[in-house]
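Student: Please take a close look at one part of this structure, a sheet and what lies against it.

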Amino acid sequence: QHSKKTPLKGLDTPYFKYFLQHGINDPKPILTKFGAYLTVLEGGEHKGKKAFVFPLPNGSFKFFILDSSFEEIDKRTNAGGTDTLFPSLEHDLGSALYIFEGFPDCLKARELGYNAFTWSGGVRSFQKLTLEFEPQRQVFLVLDQDHTSQDALPQIAHTFLEEGFLVKVV
């Protein structure tokens, strides 16, 4: 549960510290473009904490929960959102696809002009994702270097290959 939306347009730099730490040079326009907003959580273990919220195409949300210093203390996806592509396909530029494991990496790539996407729920939820991109396109998979991600990489690559994509691992 969360309170009313706080638009990002009037927020100052400290609110964007988390995204600045992830190399996003100007978080305000990139977050606003995808409908992100700031909220205060009203229930659960993080009651009263601030969170950046990303609306997902299926109607669920991805939350980046922040402490009073705007450091990330948790990430959550509400029910129904653990296998949802971000951003929605309306943001597909029609060029090569860059598939990132995390939201900050995806947003940084978007800021740089790449046709970047991610999904909520981590690498273990990828198999539930429905790929709705046009096949016969180049796909660059950019996953984390941790053990879980590297173990999941062959299956994720295979999923794209089965759908007719040309896959490269970065």
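Tutor: The bridge partner of Tyr98 is Ala116, a residue of β7. This is a predicted model: local features need pLDDT of at least 70 and side-chain atom pairs 80 or more, while totals for chains, interfaces and linings use all residues. Residues are numbered from 1 along each chain as its sequence is written, and side-chain values use heavy atoms, leaving out hydrogens and water. Helices (H or I, at least four residues) and strands (E, at least two) are DSSP runs, numbered from the N terminus.

β6 and β7 run parallel and are joined by 2 bridges; strands pair if DSSP finds at least two bridges between them. They belong to an open sheet of 5 strands, ordered β5-β7-β6-β8-β9, with mixed pairing. At the edges are β5 (85-86) and β9, each pairing on one side only. Helix α3 (residues 103-111) packs on the sheet and touches β5, β6 and β7, contact being heavy atoms within 4.5 Å. Helix α4 also packs on the sheet, touching β6, β7, β8 and β9.

α4 covers residues 147-162. The buried residues of α4 (under 20% relative accessible area, 1.4 Å probe, protein chains only) include Ala152, Leu153, Ile156 and Phe160. They pack against β6 (97-100), β7 (116-119), β8 (138-142) and β9 (166-169). At Leu153 the helix bends by about 40°, and Pro154 follows within four residues; the bend is the angle between axes fitted to the seven residues ending there and the seven starting there. Just after α4, Gly164 takes a positive phi of about 95°.

Conventions. The expected span of a helix is 1.5 Å times one less than its number of residues. Buried means under 20% relative accessible area, exposed over 50%, partly exposed in between (1.4 Å probe, protein chains only). Axes are lines fitted to C-alpha atoms, for helices over the stretch in contact, and angles run from 0 to 180 degrees between N-to-C directions.
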